[in-house]
Each structure stands twice: as structure tokens, then as C-alpha cells.
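Dear colleague,

I am passing on the structure we spoke about, and I would be glad if you would look through it alongside the notes that follow. The sequence and the model come first, and what was found in them comes after.

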Amino acid sequence: MGASPSHQAAPAAARLPMSFPLKLGPRAGLSNERNFVLWFHVSCTGAFLSIALLATSTDDREFYLGAGLLAVSTCFALHATHTFFKRQTLLVQRSSGPYGNGGAVVLLGLTLSAVVLAALVHEGMQLWAVADREQHT
């Protein structure tokens, strides 16, 4: 009562990958644009904050923190633009992907966190120095 040879499954190496046509509507393109606008908004917010920090900087440390934040903001804008065009190309080609970001978002987030942490440490050191001077006088 064994299975007949015509009904046996083909070996794994002989199987062909199946591809199905994607049904992409206008929502996919609008989602891509919305994602781009959100990332670019993050970039512009960081750039405006860094410009304000650069305009009011009184020492070299504040200047370097503002310049670092401006560099990270520029990287966010470049990432947003690159991701938008990559996904738009995949949508036009009706490709099945990958549509993900990879590790770029994590790297940008960690870099932004490091810049913000450096700014907080800098401000804490300044407050500590002022309190120390007031205590000794």
C-alpha cells in the first residue's frame, strides 16, 4: 500500500520557489511617503535643535555637541531619502521585498542617544562646577 511514484513529493532541491503577483494599491505608495515624511520630520527637528545650540554656544564643547547633532540629523535625512527611493523602486517593480530598514535605524538611534547623553553629561558637569564654586566661596 505504498504511495505510487507519481504522487510522491519532489525532493527539496528540485522544488522551485513560488512567486505570487503582489496586489499593491495606492495605499502602499502613500505609506511609503508617510514614512519618509515622518523620518524627515525627525531630521528637521534635530537640525533645528542643533542650529539653536550652535547659535547660543558659549564654549567649544557646546559647539561640538551642536555640530554632532547636526551631523546625526543629516544622516537621518539621508537615511529617509535612501529608504524612500529604495522602497519606491521596489513598489514600482512589484517586488516582494525586502522592505525593511536593516540595522541603520538602530545605529542612528544609538548615535543620537550618545549625542544627547554627552549633552546631558556636559550640562551636569557645568552645574556641578557652579555648585562647587558657590560652596567654596
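I begin with helix α3, where the cover over the buried residues includes α2. Those buried residues of α3 are L108, V115 and H122. Please keep in mind throughout that this is a predicted model, with a mean pLDDT of 80 over the protein chain and 83% of its residues at 70 or more. Among the helices, confidence is highest in α1 (residues 26–55), at a mean of 89, and lowest in α3 (residues 104–136), at a mean of 83.

As to the overall layout, the protein chain holds three helices and zero strands, and the order of its elements from the N terminus is α-α-α. Of the 137 residues in the chain, 19% are buried, while the chain exposes about 10,400 Å², of which carbon and sulfur atoms supply 69%. When one takes the contacts with a separation of 6 or more, 68% of them are between residues 24 or more positions apart.

The largest nonpolar core consists of seven residues, namely W39, L69, V72, F76, A80, L108 and V115. Two elements, α2 (60–92) and α3, each give two or more residues to this core, and the largest share, four residues, comes from α2. Within this set V115 deserves a second look, since, apart from residues up to four places away in sequence, V115 touches L65, G68, L69 and V72; of these, L69 and V72 are also listed in the core.

The geometry of the helices can be checked against their length. The 33 residues of α3 should span 48 Å at 1.5 Å a residue, and because the C-alpha atoms at its ends are in fact 48 Å apart, the model agrees with that expectation. Helix α2 also has 33 residues, and the 48 Å from its first C-alpha to its last is close to the 48 Å expected at 1.5 Å a residue. At the start of α2, a side-chain oxygen of D59 comes to within 3.2 Å of the backbone nitrogen of E62, and after the helix there follows R94, whose phi is positive, near 55°.

Two serines of α1 may also interest you. The first to consider is S50, which lies in helix α1 and has a relative accessibility of 0%; the cut-off for a buried residue is under 20%, and S50 therefore counts as buried. Leaving out neighbours within four places in sequence, S50 is in contact with G66, L69 and L70. The pair S50 and G66 is separated by 16 residues in sequence, yet their C-alpha atoms are 4.6 Å apart in space.

The other serine is S43, which likewise lies in helix α1 and, because its relative accessibility is 5%, counts as buried too. With neighbours within four places in sequence again set aside, S43 is in contact with S73, F76 and A77, and F76 is one of the residues of the largest nonpolar core. L69, which S50 contacts, is another member of that core, and L69 is touched by V115 of α3 as well.

With best regards

Conventions: Residues are numbered from 1 along each chain as its sequence is written. Side-chain values use heavy atoms; hydrogens and water are left out. Buried means under 20% relative accessible area, exposed over 50%, partly exposed in between (1.4 Å probe, protein chains only). Contact means heavy atoms within 4.5 Å. Accessible areas come from the Shrake-Rupley method with a 1.4 Å probe; for residues, only the protein chains shown count as cover. pLDDT is the predictor's confidence in each residue, from 0 to 100. A nonpolar core is a set of buried Ala, Val, Leu, Ile, Met, Phe, Trp, Tyr and Cys residues joined through side-chain atoms within 4.5 Å. The expected span of a helix is 1.5 Å times one less than its number of residues. A polar contact is a pair of N or O atoms within 3.5 Å; within protein, one must be able to donate a hydrogen and the other to accept it, and residues adjacent in sequence count only if both atoms are side-chain atoms.
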